[in-house]
Amino acid sequence: MLGNPHPVQDQIGRRLARPMPSGRLLEAAGNRRPREMTATRVGGHRIRLIVRLRFFGVSTMQLWCILLAAGQGSRLASATGGVAKQFLCVGGEPLYLSSARTLAAVPQMRGMVVVLPPEEFSLHAAQLETLLAEQPLGIEVRTAPGGARRQDSVAQGLCQVPASATHVLVHDAARPFVSASLVARLVDAWTDGCGGIIPGLAPTDTIKECHDGCVVRTLDRRRLMAVQTPQLFAAEVLRRAHQWAREHEAEATDDASLVEALGACVRVVPGAAGNHKITHPEDLAMLTPPCPSRRHTIGFGYDVHAY
């Protein structure tokens, strides 16, 4: 006949069976291998206890975001009255804050660096401070002036990312429809030895390489991806990639290209079809919600009243 468990064993069992706190993230095991814990002697009794710790509400990823809002928006200047697209007022706030609020809500996010135009940096930084005083993001926010090129702006933002950050998420403010689920897809796909993870969509059109108006060759679209942001990187790898770019005077249109040139592994996960980039004047229509359609109804009825 089995008796009651020893008080020490019962206490351990009850602690292990305790439910996880609500709202806390159970991270993917890929972020760090599950550890084993062995208790050899408790209260005079030899007990061998092996516990698989799969991050019971504990996040090991110290994530910071670099939000790029320093572009000139020259292709949209005629349609916006000279206002850079990231500063268009949408919902009472500049457009870039739409992405900032979405990304700040990511459970692993510890802080954000907003990169602003260098020409009026103080003005935009003061405006951001005022807006966040009214409605904070809930994380630490820093600002940095942008550079001449996109990669220069990222490098400026990296200077403000603390050494404690383990990962960096780089996002273009020109993509205001980014979703928390897309970021979660990047985080969940992270594995040891990975330099970066980026979202991409397979092209549906036939892609041709051309030169001087003539087709050079038709590319195999089965091997092609249209890449988006946000892009997730190991902080140390991203810093080395930008250092390499400075030393070799290399240029790239996204950070993944620099990490690839460094020889680090960059993985691709499915992107989001709704993660549009505001680039051309016709794209501005996506920022305005459609008006509800009016319905006109014709029918027959009767009216009753006293004469």
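These legends describe close-up views of a predicted model.

**View 1. Helices H5 and H7 pack against each other.**
Helix H5 covers residues 150–158, and helix H7 covers residues 235–248. Their axes lie 11 Å apart. The packing angle is about 130 degrees. An angle over 145 degrees would count as roughly antiparallel, and 65 to 115 as roughly perpendicular. H5 and H7 are therefore oblique to each other. The crossing of H5 past H7 is left-handed.

**View 2. Glu 251 and Arg 149 form a salt bridge.**
The closest N and O atoms of this pair are 3.3 Å apart. Glu 251 sits in the loop between H7 and H8, while Arg 149 sits in the loop between strand E7 (140–145) and H5, so the salt bridge ties together parts that are 102 residues apart in sequence. Glu 251 is exposed, at 62% relative accessible area. Arg 149 is partly exposed, at 32%. Asp 152 joins the picture too: Arg 149, Asp 152 and Glu 251 are linked in a network of salt bridges.

**View 3. Glu 93 pairs with Arg 101 in a salt bridge.**
The structure holds nine salt bridges. In the one between Glu 93 and Arg 101, the closest N and O atoms are 2.7 Å apart. Is Glu 93 buried or exposed? Glu 93 has 17% relative accessibility, so it counts as buried. The cut-off for buried is under 20%.

**View 4. Glu 209 and Arg 217 meet through their side chains in a salt bridge.**
The N to O distance is 2.7 Å. Glu 209 falls within strand E10 (208–211), and Arg 217 within strand E11 (214–218). Glu 209 is partly exposed, with a relative accessible area of 33%. Side chains of opposite charge can pair when their charged atoms come close.

**View 5. Asp 212 has a positive phi.**
The phi angle of Asp 212 is about 55 degrees, although this residue is not a glycine. Most residues other than glycine have a negative phi. Where does Asp 212 lie? Asp 212 is in the loop between strand E10 (208–211) and strand E11 (214–218). Its relative accessible area is 70%, so Asp 212 is exposed.

**View 6. Glu 249 also has a positive phi without being a glycine.**
Here phi is about 50 degrees. Glu 249 is found in the loop between H7 and helix H8 (255–261). Glu 251 lies in the loop between H7 and H8 as well. Glu 249 counts as exposed because its relative accessibility is 71%.

**View 7. A cis peptide bond joins Thr 229 and Pro 230.**
What is omega at this bond? Omega is about 15 degrees. Most peptide bonds are trans. Pro 230 is placed in the loop between E12 and strand E13 (231–234).

**View 8. Met 225, Val 227 and Val 268 make a nonpolar surface patch.**
The patch measures about 230 Å². Val 227 belongs to strand E12, residues 226–227. Val 227 has 34% relative accessibility, so it counts as partly exposed. Patch residues need over 30% relative accessible area.

Methods:
Residues numbered from 1 in each chain as written. Predicted model: local features only at pLDDT ≥ 70, side-chain atom pairs only at ≥ 80, totals over all residues. Heavy atoms only, no water. Patch = residues over 30% accessible without salt bridge, like charges linked within 9 Å, V, L, I, M, F, W, Y side chains within 5 Å. Areas by Shrake-Rupley, 256 points an atom, 1.4 Å probe, with all protein chains shown as cover. Salt bridge = Lys/Arg side-chain N within 4 Å of Asp/Glu carboxyl O. Helix = DSSP H or I, 4+ residues; strand = E, 2+ residues; numbered from the N terminus. Buried < 20%, exposed > 50% of the residue type's maximum accessible area, 1.4 Å probe, protein only. Axes fitted to C-alpha atoms, helices over the stretch in contact; angles between N-to-C directions. Parallel < 35°, antiparallel > 145°, perpendicular 65-115°, else oblique. Left-handed = near helix turned anticlockwise from the far one by under 90°.
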